[in-house]
2 protein chains.
Amino acid sequence: MCAKKVTIREVAKRAGVSIATVSQILNGKAMNFNPLTVQKVQAARDELGYKADHLARQMVGKQSKTIGILVPEITNSFFSTLVKGIEEELLRSGYISMLCNGGFNGAKEEKALLELAKRGVDGFIIASPSISDEVLKEVLQIKKRPVIVLDQKTFSERSDEVTTDDFNGGLLAARYLKKMGHTKVAVIVPDLATVNIMYRLQGFLVEFPQALQIKTELSKSGGQAVVAELLEQNIEAVFALSDELAFGIYLGMRQKNKSIPNDLSVIGYDDVEMCRYVTPALTTVAQPIYELGKQAADLMIKRLASPNSPYVKRVLPVKLVIRSSVEVKI
Amino acid sequence: MCAKKVTIREVAKRAGVSIATVSQILNGKAMNFNPLTVQKVQAARDELGYKADHLARQMVGKQSKTIGILVPEITNSFFSTLVKGIEEELLRSGYISMLCNGGFNGAKEEKALLELAKRGVDGFIIASPSISDEVLKEVLQIKKRPVIVLDQKTFSERSDEVTTDDFNGGLLAARYLKKMGHTKVAVIVPDLATVNIMYRLQGFLVEFPQALQIKTELSKSGGQAVVAELLEQNIEAVFALSDELAFGIYLGMRQKNKSIPNDLSVIGYDDVEMCRYVTPALTTVAQPIYELGKQAADLMIKRLASPNSPYVKRVLPVKLVIRSSVEVKI
DNA sequence: TTGAAAGCGCTAACAT
DNA sequence: ATGTTAGCGCTTTCAA
């Protein structure tokens with residue numbers, strides 16, 4: 001009812017002890033105190049509904065229990081489910097997420113990171129291909145706060161890391177295409193290449209070293225733009241390095257009155273939710289995106305708990321999900 | 001380079017003035033000071049690269065420049081673009097977003113809101129159908145922090161509000177269907193009905209009072225589940241109260257080997273990005289989702305600037321986007 | 001076993 | 001025009 005904030009002082013007064021005692025007892029050091037005192041303090045706290053003020057606490061150097069998250073584009077299904085995974089795992093441990101959207105824009109990302117740092121986040125989870133190492137280092141150095149780099153880019157040797165098995169993903173896609181009897185294949189390569197995407201490509205090229213490589217933007221419209229060339233070159237099957245790209249190809253094909261998979265087989269990457277709903281349903285390499293987020297959060301929580309343990313790298317498995325966008329030619 | 005935090009004291013020393021002077025000058029009260037002093041202080045700040053500590057500032061009762069955002073499901077395209085709009089507008093004014101995902105779960109939402117409150121957010125932007133009024137009020141009362149309720153639910157008369165013209169949206173959909181010659185129509189109604197969705201329905205029913213109403217969950221799988229009944233009842237055209245629902249219907253239809261729009265016309269709501277990429281491209285009522293987010297953020301910023309101005313309600317226009325999922329029968 | 005007191009970095013009222 | 005000082009709510013030595 002009454003909106004007054006109850007402070008530690010009131011609890012102390014009510015319990016008839018000093019504020020120091022209250023602080024101690026309420027912070028896990030109860031064992032050093034007379035059980036009776038403990039009792040009184042806890043009772044007082046409960047009666048008054050006392051909750052320690054987060055901000056005051058941070059000021060004295062405690063954790064903020066807040067993690068900064070930076071993604072390039074929350075609107076992208078991949079990142080939104082990633083964020084969901086992170087956010088849920090974090091909240092479970094009492095951490096909260098501060099989200100920033102970098103928009104693939106270096107300057108904005110830097111600003112966002114700085115703002116996050118100002119608010120005293122305990123750590124950063126960063127998934128952004130365009131963030132530069134220098135910015136990262138700069139932000140990092142302001143205070144010794146842990147960073148977890150996700151998927152998009154390797155960050156030297158100074159952080160934990162979670163990735164998926166990109167190389168294998170590429171391989172899986174290629175093998176499937178080969179098995180289905182395709183030989184004249186292409187792969188769409190983003191102009192803004194990141195480490196993990198390159199691994200996918202490498203995996204793919206193991207089976208199809210001669211594959212036609214077409215560069216474009218890693219987005220729906222990027223995919224759409226590439227259809228003309230695909231058709232000109234008489235490509236049978238194309239490996240899109242992301243589902244987004246594949247969806248763009250779908251649209252491009254429809255606009256040219258061509259059909260998938262008759263006129264062109266396409267295989268995507270990510271296994272975003274919409275893959276099932278698109279026509280024909282998109283065959284794709286599934287990354288455990290939600291799990292990726294959870295793992296990242298988990299790593300962060302562990303790191304915060306023991307800041308000096310050696311850096312960890314986790315790699316999550318991928319798998320092929322066969323649906324209807326690849327023609328069976330044999 | 002050096003990770004030490006530079007405090008106001010060092011700036012003061014360097015400039016040869018007191019910390020109070022520094023604080024004043026750096027907080028817009030420079031006009032009361034000797035230009036020379038101002039000069040010195042600013043120089044000192046720049047040389048040292050001083051940035052006021054956010055937390056210390058908050059402690060003395062300043063704003064945190066942080067807004068708490070609660071959405072039910074960030075994974076949903078509608079909410080992710082909403083969040084993007086909010087986040088971008090906020091960041092532009094130096095505010096940062098703390099995002100929580102409610103997951104349509106009252107308890108989790110409450111927890112999230114409480115965590116946000118603990119971190120001293122200046123205000124809340126809440127878009128969640130399942131949040132109860134009591135929880136909202138409770139959180140609100142802890143401190144007098146403004147709330148903006150978005151879309152999903154009206155929150156008594158104690159907050160600003162942004163919505164879109166839902167009634168008109170429903171009307172638009174109905175009129176189009178009628179104009180295209182459809183008479184045997186259905187509308188999918190979510191079992192968890194929110195105010196704005198009800199308006200859509202009402203608008204639709206103006207033109208089709210006798211429309212078949214089918215209840216289901218407001219999600220892709222909800223849409224999928226409803227296809228059987230649609231077919232049984234020989235419905236010609238269906239109004240899905242959200243694009244998600246429509247996508248579900250697409251899948252359901254494909255599974256039954258039926259085609260859209262030949263066997264069933266469908267019209268969606270929201271105009272999520274995927275509408276263009278789905279086959280056939282989905283005709284839908286477009287809400288300016290991104291704009292909705294921006295407006296909400298804008299409202300919040302204004303409210304924070306003048307806490308006592310009268311509450312505002314903005315309603316944004318919607319429009320019909322005609323694509324290929326409705327059959328032209330005339 | 002408990003309490004007094006010194007900050008954390010900043011702002012704002014009050015002196016000078 | 002500028003400096004002094006008292007907090008904000010909490011944690012943490014250090015003494016008692």
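## Touching the phosphates

Let's start with B:Ile8. In this predicted model, a polar backbone atom of B:Ile8 sits 2.4 Å from a phosphate oxygen of DNA strand C. The backbone is also what A:Asn34 uses: one of its backbone N or O atoms lies 2.8 Å from a phosphate oxygen of the strand.

A:Thr21 does things with its side chain. A polar atom there is 2.7 Å from a phosphate oxygen of DNA strand C.

## Who else is around the strand?

How many residues are around DNA strand C? There are 24, and the ones that come nearest are A:Thr21, A:Thr37, B:Ile8, B:Ser23 and B:Tyr50. Look at the DNA side of this meeting, and sugar and phosphate make up 69% of the strand C atoms that come within 4 Å of the protein.

What kinds of residues form the surface near DNA strand C? You'll find 12 nonpolar residues, eight polar ones and four charged ones.

## Helices that pitch in

Now for the helices. Chain A brings α2 (19–26), while chain B brings α1 (8–15), α2 (19–25) and α4 (54–59); each of these gives at least two residues to the surface near the strand. Which element supplies the largest share of that surface? That would be α2(B), with three residues.

## Zooming out to chain A

Step back, and chain A splits into domains in its assignment: domain 1 covers 8–52, domain 2 combines 62–164 with 289–316, and domain 3 runs over 166–288. Going by C-alpha atoms, the centres of domain 1 and domain 3 of chain A are 62 Å apart.

Methods: Residues are numbered from 1 along each chain as its sequence is written. Chains are lettered from A and ligands numbered from 1 in the order in which they are written. This is a predicted model: local features need pLDDT of at least 70, side-chain atom pairs count only at pLDDT 80 or more; totals for chains, interfaces and linings use all residues. Side-chain values use heavy atoms; hydrogens and water are left out. A residue is near a molecule or strand if one of its heavy atoms lies within 4 Å of it. A polar contact is a pair of N or O atoms within 3.5 Å; within protein, one must be able to donate a hydrogen and the other to accept it, and residues adjacent in sequence count only if both atoms are side-chain atoms. Helices (H or I, at least four residues) and strands (E, at least two) are DSSP runs, numbered from the N terminus. Ala, Val, Leu, Ile, Met, Phe, Trp, Tyr, Cys and Pro count as nonpolar, Asp, Glu, Lys and Arg as charged, and the others, Gly among them, as polar. Domain bounds come from an automatic or database domain assignment.
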